[in-house]
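Me: Can we go through this one together? I'd like to start with what sits around the ligand.

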Amino acid sequence: MSSSYDIIIIGAGAAGLMCAATAGYRGRRVLVVDHSNKAGKKILMSGGGRCNFTNLNSTPANFLSDNPHFCISALKRYTPQDFLELVERHGIEHEEKAAGQLFCRDSSREILDLLLTECEWSGAEVRLETVTTEVTETPAGYALQTSAGKLSCESLVVACGGLSIPTMGATGFGYELARQFGLEVLPTRAGLVPFTLHPELKTRLAPLSGVSCPVDVQCNGEHFREPMLVTHRGLSGPAMLQISSYWRPGDTLAINLLPGRNAQQDLTALRHEKPQSTLGHYLNQQLPKRFAQAFADMHNWHGPLQGYRNAVIEQIAETLNHWTIKPAGTEGYRTAEVTLGGVDTRQLSSKTMATLERSNLFFIGEVVDVTGHLGGHNFQWAWASGVAAGAAA
Ligand code: FDA
């Protein structure tokens, strides 16, 4: 086994493997090292086991970053269509679930196999269970002290991912390396993560665990119209995961339980047309039955509508179209799909992902301060940033 390479990539995840194959095809001698016993563990568990590997509608607007323009160049040069072509060349059957979201029809395993096959064909080597303990700069590049001995390379690519799901091998090593080389690491926090609730609301919503309904949720100027799921721990489902990336501790969420409907107009008209009709009856038509029942009980909304004064109707409508809750927190990195923040992109080239100070040191994927919305955008960033670095390193 050689110990000297043109490029060493730390992290055999989505971004690292994509980068390895791209550089390998350019004739570079590439080694990927990972401390884990398996490559691409997050790919395997992604998309409920079917890997939502890209999103055909992905645009820079689907990403959060302190430097929002940074991601544009790489995303433009390696598009969802490019990855889809690769998937099709490998004969992987896929399907579009929600608009633009492409999933494997069979298993996430196929995407990992695609990447490992591409690495093999391109001549890139992957070494697992290899712990890197120290990285130092040398006149020729970098020297790595690892559990498999000393390794050296001209270019180093850091593709260690973020902090989410530590049980899958996530560490803060990428951030440590960034700091070691003088880069700023922006504060990190869990994103695409379920909310936890204060005990009182949690108890009130507990009977609704498992119920899902479409909502429009707002926070800090962003909103998402997607399903919300009540769980025994709090609130989840796509709507809550999406908005969690914009939420900060102490913030309030405004949830429209009847998106597209004006509850005040509906209830006023109903009271006029059918005065004996109840709120429970109206809610049963608009929301899942269990949710409607529990929500009416929770607010003590009983009796015929004719007994409700205008001011009360207005208040009820406000609750339905603008239900405000203050989450206790989130489930944190334990279950978060992504880590927000990370290596400040102002110190990286948007074309190559190399640091501005050292043209042979690269940061790609989730370790960088670029985080996608739910729906295949995060893998698209891993592919695009991996290709950008692989073409330059
Ligand atoms: P990634 O985390 O994939 O890889 C980092 C690699 O570095 C790992 O192999 C790790 O072992 C290794 N590593 C860490 N520390 C190291 C160290 N000290 N030394 C050596 N190696 C080290 N996105 C999406 O677009 N569609 C989807 O369907 C999903 N679904 C999904 C489900 C779940 C449960 C999670 C947790 C996440 C998703 N995501 C997703 C997000 C997606 O998985 C994520 O954005 C990418 O995997 C990021 O790719 P990276 O290669 O940057 O990191």
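Me: Which helix gives the most to the shell around the ligand?
Reply: This is a predicted model, where local features need pLDDT of at least 70, side-chain atom pairs count only at pLDDT 80 or more, and totals for chains, interfaces and linings use all residues. Residues are numbered from 1 along each chain as its sequence is written, and side-chain values use heavy atoms, with hydrogens and water left out. Helices here are DSSP runs (H or I, at least four residues), numbered from the N terminus. With 3 residues in the shell, the top giver is helix 13.

Me: How many residues surround the ligand, and how many of them are charged?
Reply: A residue is in if one of its heavy atoms lies within 4 Å of the ligand. That gives 29 residues, with Ala 15 and Asp 34 among the closest. By class, 11 are nonpolar and 14 polar, and the charged ones number 4.

Me: What lies 2.6 Å from a nitrogen atom of the ligand?
Reply: Think polar contacts, meaning pairs of N or O atoms within 3.5 Å. An oxygen atom of the ligand is 3.1 Å from a polar backbone atom of Gly 47. At 2.6 Å from a ligand nitrogen, though, you'll find a polar side-chain atom of Thr 171.

Me: How far apart do the C-alpha centres of domain 1 and domain 2 lie?
Reply: The bounds come from an automatic or database domain assignment. Domain 1 is 4-190 + 338-390, and domain 2 is 195-330. Their C-alpha centres are separated by 39 Å.

Technical notes
A polar contact is a pair of N or O atoms within 3.5 Å; within protein, one must be able to donate a hydrogen and the other to accept it, and residues adjacent in sequence count only if both atoms are side-chain atoms. Helices (H or I, at least four residues) and strands (E, at least two) are DSSP runs, numbered from the N terminus. Ala, Val, Leu, Ile, Met, Phe, Trp, Tyr, Cys and Pro count as nonpolar, Asp, Glu, Lys and Arg as charged, and the others, Gly among them, as polar.
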